[in-house]
Structures are given as structure tokens and as C-alpha cells.
Amino acid sequence: VGLAVGFAVRDTVENYIASILLSLRNPFEVNDLVDIDGHEGNVARITSRATILISLDGNHIRIPNALVFKAVITNFTRNPERRFHFKAGIDTAEDLLAAQALALETLKATPGVLTDPRPLAVIEALGDSNVLLGIYAWVDQRRFSFPKVRSEAIRRIKEAFDDAGIVMPEPIYKLRLIEKDFHKSVPVKKSVDANAGDVKDVKDVSAEHALERKVLEDQAQGDGENLLTKNARQEL
């Protein structure tokens with residue numbers, strides 16, 4: 001009977017002990033954006049049994065504390081400066097140094113991109129039909145939206161390359177046609193009139209706090225149990 005009860009309550013005791021250790025170590029705070037073994041979201045609270053995250057889609061993720069204590073945790077909020085990265089392919093015949101310089105100039109003029117640490121534009125790979133440039137830049141997440149700044153940087157570099165006549169080639173495929181007669185319909189490109197307000201929203205890179213507000217609402221509606229405190233010592 002003792003063995004049966006011991007095995008039955010093992011997970012409960014393990015989660016409870018893990019919750020105490022997590023509250024002492026404090027690897028994250030309320031509203032920190034974290035990734036716990038592939039589960040990404042803002043921390044809502046830690047109970048005696050589980051850690052509650054609110055995902056970027058607004059869903060609640062409940063992870064047993066024993067798993068959280070053993071997991072690899074990535075805290076995206078602890079350091080306010082975060083780097084983004086994307087690749088841009090240009091034609092092999094282009095002046096690579098000129099393309100790198102233009103990408104750097106465009107990055108520095110993009111709202112939200114930090115000058116220190118400096119942005120980078122490096123040659124990452126020689127593709128089948130292009131040269132891949134790796135674009136790196138840093139964002140202060142306290143003031144600007146990370147995905148918005150990245151999106152704006154991609155848009156601006158694409159426009160800068162187009163204006164400078166830098167070709168961004170498409171992949172080349174070799175097709176073998178079997179049938180003699182075939183018809184290919186070409187869609188007609190229609191002009192799109194973008195609303196001025198929508199364009200302004202797209203270019204807006206200010207930080208959004210919708211998910212943080214959801215966490216606060218969840219705390220207001222919860223049972224009040226939360227082992228995370230601001231006064232606890234933070235784990236480095």
C-alpha cells in the first residue's frame with residue numbers, strides 16, 4: 001500500500017518541490033516571453049503544480065513544474081536587446097560590396113534598428129543561382145515590436161535593391177514538356193489601392209502589449225496563486 005501511494009503521489013510531490021525551487025531561482029518573471037522545450041508564450045504564473053503560459057495565439061499552456069525545472073528555457077525578455085536575422089538573395093553578377101553597403105545603409109535608417117550593437121550584412125552562402133546575404137540587426141524590445149521592425153527592414157531592403165537595380169533572381173528550373181499542345185493562362189495583375197491608414201499601420205514598429213494585457217487579465221480572473229514575485233532573487 002505504501003509503495004502504491006508513493007508512486008501515485010510521486011508526480012504531485014515532484015511538481016510541488018519543483019515549484020518551490022523555481023520560485024527561489026526565478027528564471028523568469030510574469031509577462032516574460034519564454035520558450036520552454038518548444039512551448040513559447042508569456043508567463044502568466046506558477047502554481048504549486050504547473051507553470052502557466054499564454055501563447056502568442058492567446059492559448060493557455062500548462063506545463064508541469066517538474067518538466068519546467070529540467071527543461072531548457074529561453075527567456076527572450078530578460079535581455080531587452082534582441083537580434084533578428086533574414087537572408088536576401090542577389091544575382092551572382094552583382095557588386096557584392098555595393099549590395100552589402102546598401103543593405104547596411106538601409107538598416108541604419110530603419111526605425112527601431114539599434115546602431116549599437118551594429119547591424120551586419122555578410123555573405124553567407126553561394127547558392128545555385130544567387131548569392132545569399134545574411135542581414136542581422138538588433139531591436140530594443142522595450143520600445144519597439146520585434147516582428148514589426150524585422151518586417152519593416154525586409155520591406156525597405158527589398159525596395160532599396162529594386163531602386164538600385166540590384167537583381168534578386170528567382171530559382172531556375174528546367175522543365176521538360178511531354179504534350180505538344182498546352183495552354184498557359186497568365187493572370188492579369190490588378191492594381192491595389194492601399195488605404196492610407198493601413199499603410200501607416202504596416203510601417204508602425206512601436207511595441208505592442210496585447211499579450212501582456214491578456215496575462216494581466218488572466219491573473220485578475222485566476223485563483224490568486226502565483227509563486228512568482230518581483231522580490232525573489234533572479235537567476236543569471
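Which residue just after helix 4 takes a positive phi? That's Gly 165, with a phi of about 75°. Before going further, keep in mind that this is a predicted model, in which local features need pLDDT of at least 70 and side-chain atom pairs count only at pLDDT 80 or more, while totals for chains, interfaces and linings use all residues. Residues are numbered from 1 along each chain as its sequence is written, and side-chain values use heavy atoms, with hydrogens and water left out.

Let's stay with helix 4, which covers residues 146–163. Helices here are DSSP runs of H or I with at least four residues, strands are runs of E with at least two, and both are numbered from the N terminus. At 1.5 Å a residue, the 18 residues of helix 4 should span 26 Å, and its end C-alpha atoms are indeed 26 Å apart; the expected span is 1.5 Å times one less than the number of residues. Several helix 4 residues are buried, including Phe 146, Val 149, Ala 153, Ile 157 and Phe 161. Buried means under 20% relative accessible area, exposed means over 50%, and partly exposed is in between (1.4 Å probe, protein chains only).

Those buried side chains bring us to the largest nonpolar core, which has 23 residues. A nonpolar core is a set of buried Ala, Val, Leu, Ile, Met, Phe, Trp, Tyr and Cys residues joined through side-chain atoms within 4.5 Å. Phe 84, Ile 90, Leu 107, Ile 135, Ile 157 and Phe 161 have the most contacts inside this core. Strand 6 (81–90), helix 3 (96–108), strand 8 (131–140) and helix 4 each give two or more residues to it, and helix 4 gives the most, with six. Take Phe 161: leaving out residues up to four places away in sequence, its partners include Ala 88, Ile 90, Leu 102, Leu 133 and Met 168, where contact means heavy atoms within 4.5 Å.

Helix 4 has a charged side too. Glu 152, Arg 155, Arg 156 and Glu 159 are linked in a network of salt bridges, each bridge being a side-chain nitrogen of Lys or Arg within 4 Å of a carboxyl oxygen of Asp or Glu. In the pair Arg 155 and Glu 152, the closest N and O atoms are 2.6 Å apart, and the two residues sit three residues apart, about one turn of the helix. Arg 155 is partly exposed at 25%, whereas Glu 152 is buried at 2%.

The structure holds seven salt bridges. Another one joins Lys 70 to Glu 14, with closest N and O atoms 3.1 Å apart. This pair links distant parts of the chain, from helix 2 (residues 65–70) to helix 1 (residues 2–25), 56 residues apart. Lys 70 is exposed at 61%, and Glu 14 is partly exposed at 30%.

Now for the sheet. Five strands form an open sheet in the order 4-3-2-1-5, with antiparallel pairing; two strands pair if DSSP finds at least two bridges between them. Strand 4 (60–64) and strand 5 (73–75) stand at the edges with a single partner strand each, so one side of each is left without a neighbour in the sheet. Strand 5 is joined to strand 1 (residues 33–36) by three bridges, and Val 34 stands opposite Asn 75 in strand 5.
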